[in-house]
Amino acid sequence: MNENLPELRDIHLPEGVSVWPPAYGWWVILGGALCFVLIIALVQLLRKKSKKLYALHLLKNIYCNNSLRSVVEMSALLRRICVFKYKEAMTLYGEDWLNFLNSHSSKKLEGESAQLLLDAPYMKNLPQDFKSGNVVRLRLFCQNWIGENL
């Protein structure tokens with residue numbers, strides 16, 4: 001029996017399992033998580049864009065026929081956006097309302113167009129000295145303001 005002892009060797013344990021490269025299942029889970037994050041980001045981007053597009057669509061449907069109704073509808077549209085996005089602006093009126101709109105826009109609304117925006121919801125008819133360019137300037141201001149704030 002002593003003759004067999006030189007042929008015996010110590011027991012060697014196998015090397016540990018490597019962490020890298022991960023198994024295919026982990027790659028699938030990682031790919032699924034990445035797709036999930038990208039889908040969520042895309043949905044949020046589309047929701048934000050759709051609000052802006054919807055507001056611009058509403059503005060486009062307000063006929064600029066130099067009537068008091070079109071000015072009142074533009075004012076109401078700006079109010080609706082502020083109710084959605086800026087809660088503090090819900091109670092503003094007059095010069096405070098105009099200052100709020102101008103502070104959130106790169107282009108300022110001034111002069112007769114600004115006065116028309118402030119006074120139109122309370123008028124029965126447009127004044128006789130009304131200029132049609134004021135409604136056009138107000139529409140451009142609304143379009144710019146929606147583009148910057150939604």
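This is a short tour of a predicted model, stop by stop, with something to select at each one.

Before you start clicking: residues are numbered from 1 along each chain as its sequence is written, and side-chain values use heavy atoms, with hydrogens and water left out. Because the model is predicted, local features need pLDDT of at least 70 and side-chain atom pairs count only at pLDDT 80 or more, while totals for chains, interfaces and linings use all residues.

**Stop 1: ahead of helix 1**

Select tryptophan 20 and proline 21. The peptide bond from the tryptophan to the proline is cis, with omega near -5 degrees. Most peptide bonds are trans. Proline 21 sits in the segment before helix 1; helices here are DSSP runs of H or I with at least four residues, strands are E runs of at least two, and numbering goes from the N terminus.

**Stop 2: helix 1 against helix 5**

Now show residues 24–60 (helix 1) and 133–149 (helix 5). They pack at an angle of about 170 degrees, with axes 10 Å apart. Axes are lines fitted to C-alpha atoms, for helices over the stretch in contact, and angles run from 0 to 180 degrees between N-to-C directions. That angle makes helix 1 roughly antiparallel to helix 5 (under 35 degrees is roughly parallel, over 145 roughly antiparallel, 65 to 115 roughly perpendicular, the rest oblique).

To see the contact (heavy atoms within 4.5 Å), pick Lys52, Ala55, Leu56, Leu59 and Lys60 on helix 1, then Arg139, Cys142, Gln143, Ile146 and Gly147 on helix 5. One of these, cysteine 142, is buried at 1% relative accessibility, whereas cysteine 35 is partly exposed at 47%. The cut-offs are under 20% relative accessible area for buried, over 50% for exposed, and partly exposed in between, using a 1.4 Å probe and protein chains only.

How many disulfides does the structure hold? Zero, going by a cut-off of 2.5 Å between a pair of cysteine sulfur atoms.

**Stop 3: two asparagines in helix 5**

Stay on helix 5 and select asparagine 134. Is asparagine 134 buried or exposed? Asparagine 134 counts as buried, at 3% relative accessibility. Its side chain joins that of arginine 137 in a polar contact of 2.5 Å. (A polar contact is a pair of N or O atoms within 3.5 Å; within protein, one must be able to donate a hydrogen and the other to accept it, and residues adjacent in sequence count only if both atoms are side-chain atoms.) Leaving out residues up to four places away in sequence, asparagine 134 touches Glu112, Ser113 and Leu116.

Next, go to asparagine 149, also in helix 5. Asparagine 149 is buried at 3% relative accessibility, and its side chain reaches the backbone oxygen of tryptophan 145 at 2.8 Å. With the same sequence neighbours left out, asparagine 149 touches Lys85, Tyr86 and His104.

**Stop 4: helix 4 and its cover**

Select residues 111–119, which are helix 4, and look for the buried Ser113, Ala114, Leu116, Leu117 and Leu118. Their cover includes helix 2 (68–85), helix 3 (94–103) and helix 5.

**Stop 5: helix 2 and helix 3**

Keep helix 2 and helix 3 on screen. They pack at an angle of about 70 degrees with their axes 12 Å apart, so helix 2 is roughly perpendicular to helix 3. Leu78, Arg79 and Cys82 of helix 2 meet Trp97, Phe100 and Leu101 of helix 3.

Last, find serine 70 in helix 2. Serine 70 is buried, with a relative accessible area of 2%. Draw a distance from its C-alpha to that of lysine 87, 17 residues apart along the chain, and you get 25 Å.
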